[in-house]
Amino acid sequence: MTKINATDDELAALIGHEISHALRDHGREKMSKKLLTSLRILAASSAGLGDIAVSGTSLVGDYGINLPGSRKLETEADLLGLEIMVRAGYNPQGTVSFWNKVLAQEKAGTKVDFLSTHPASEKRIVVIQEHINQMNK
C-alpha cells in the first residue's frame, strides 16, 4: 500500500474486495474445487492410466477449472467490494485509480492472464469501470 501511496478511496476498494471474499465464502469454494481436482488425479492414478494421463488430469484441473474459477471469484469480489465501498460513502473511482496504480507497478510482459489466479489489471479496470457506469444509471 505504501508503494502506490493509496488514498482513502483506494484503500476502501481493497478492503471492500477482501470483505467480499469473506462474505461470499470464496476460500471454501476454492478448496472444494481443489479437492475435486485432487480426487480426479487420484482416480486417474488408481485406474492405472499412466503418468501422461495423470499429468493431463492435473493440468486440466488447474488450467481448465481452478485458475479460471479463481479469476471469476476475484472479479466477483471486485464488483461486490465496489458496491460495499460506495454504500460506505467512498468514491467508486477509487477502485479504478487503485488498479491503475497497481498496473503501473507491474512489469510489462510478466503477467500471463491465462496462468494467473487473478484477472489482468487491464481487464479488471474495464470490468470495474463498466460496473460503475451501470451503477450510475
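R124 and E74 pair up in a salt bridge, with their closest N and O atoms 3.1 Å apart. That pair links distant parts of the chain, since R124 is in helix 5 (residues 121-135) and E74 is in helix 3 (residues 50-87), 50 residues apart. Keep in mind as you look around that this is a predicted model. In total, the structure holds three salt bridges, and the rest of this briefing walks through them, then through two helices and a couple of single residues.

**The network around R124**

- R124 also forms a salt bridge with D78, and here the closest N and O atoms are 2.7 Å apart.
- This second pair again links distant parts of the chain, with R124 in helix 5 and D78 in helix 3, 46 residues apart.
- Put the two bridges together and you get one network, in which salt bridges that share partners join E74, D78 and R124.
- Is R124 buried or exposed? Its relative accessibility is 4%, and buried means under 20%, so R124 counts as buried.
- E74 has a relative accessible area of 3%, so this residue is buried too.
- D78 is buried as well, just like its partner R124.

**The bridge between helix 4 and helix 1**

- The side chains of K101 and E10 meet in a salt bridge, at 2.9 Å from N to O.
- What does this pair tie together? K101 lies in helix 4 and E10 in helix 1, so the bridge ties together parts that are 91 residues apart in sequence.
- K101 has 25% relative accessibility, and partly exposed covers the range between 20% and 50%, so that's where K101 lands.
- E10, on the other hand, comes in at 2% relative accessibility, so E10 counts as buried.

**Helix 1**

- Helix 1 covers residues 8-23, which makes 16 residues.
- Does the length add up, and what should you expect? At 1.5 Å a residue, helix 1 should span 22 Å, and its end C-alpha atoms are 22 Å apart, so the two agree.
- The buried residues in helix 1 are E10, A12, A13, G16, H17, S20 and H21.
- S20 sits in helix 1, and with a relative accessible area of 0% it is buried.
- The S20 side chain reaches the backbone oxygen of A77 at 3.5 Å.
- After helix 1 comes D25, whose phi is positive, near 55 degrees.

**Helix 4**

- Helix 4 covers residues 93-105, which makes 13 residues.
- Try the length check here too: at 1.5 Å a residue, helix 4 should span 18 Å, and its end C-alpha atoms are 19 Å apart, which agrees.
- Which residues of helix 4 are buried? They are G94, T95, V96, F98, W99 and V102.

**Before helix 1**

- N5 is found in the segment before helix 1.
- Phi of N5 is near 50 degrees, which is a positive value in a residue other than glycine.
- N5 has a relative accessible area of 60%, and exposed means over 50%, so N5 counts as exposed.

How values were computed:
Residues are numbered from 1 along each chain as its sequence is written. This is a predicted model: local features need pLDDT of at least 70, side-chain atom pairs count only at pLDDT 80 or more; totals for chains, interfaces and linings use all residues. Side-chain values use heavy atoms; hydrogens and water are left out. Helices (H or I, at least four residues) and strands (E, at least two) are DSSP runs, numbered from the N terminus. The expected span of a helix is 1.5 Å times one less than its number of residues. Buried means under 20% relative accessible area, exposed over 50%, partly exposed in between (1.4 Å probe, protein chains only). A salt bridge is a side-chain nitrogen of Lys or Arg within 4 Å of a carboxyl oxygen of Asp or Glu. A polar contact is a pair of N or O atoms within 3.5 Å; within protein, one must be able to donate a hydrogen and the other to accept it, and residues adjacent in sequence count only if both atoms are side-chain atoms.
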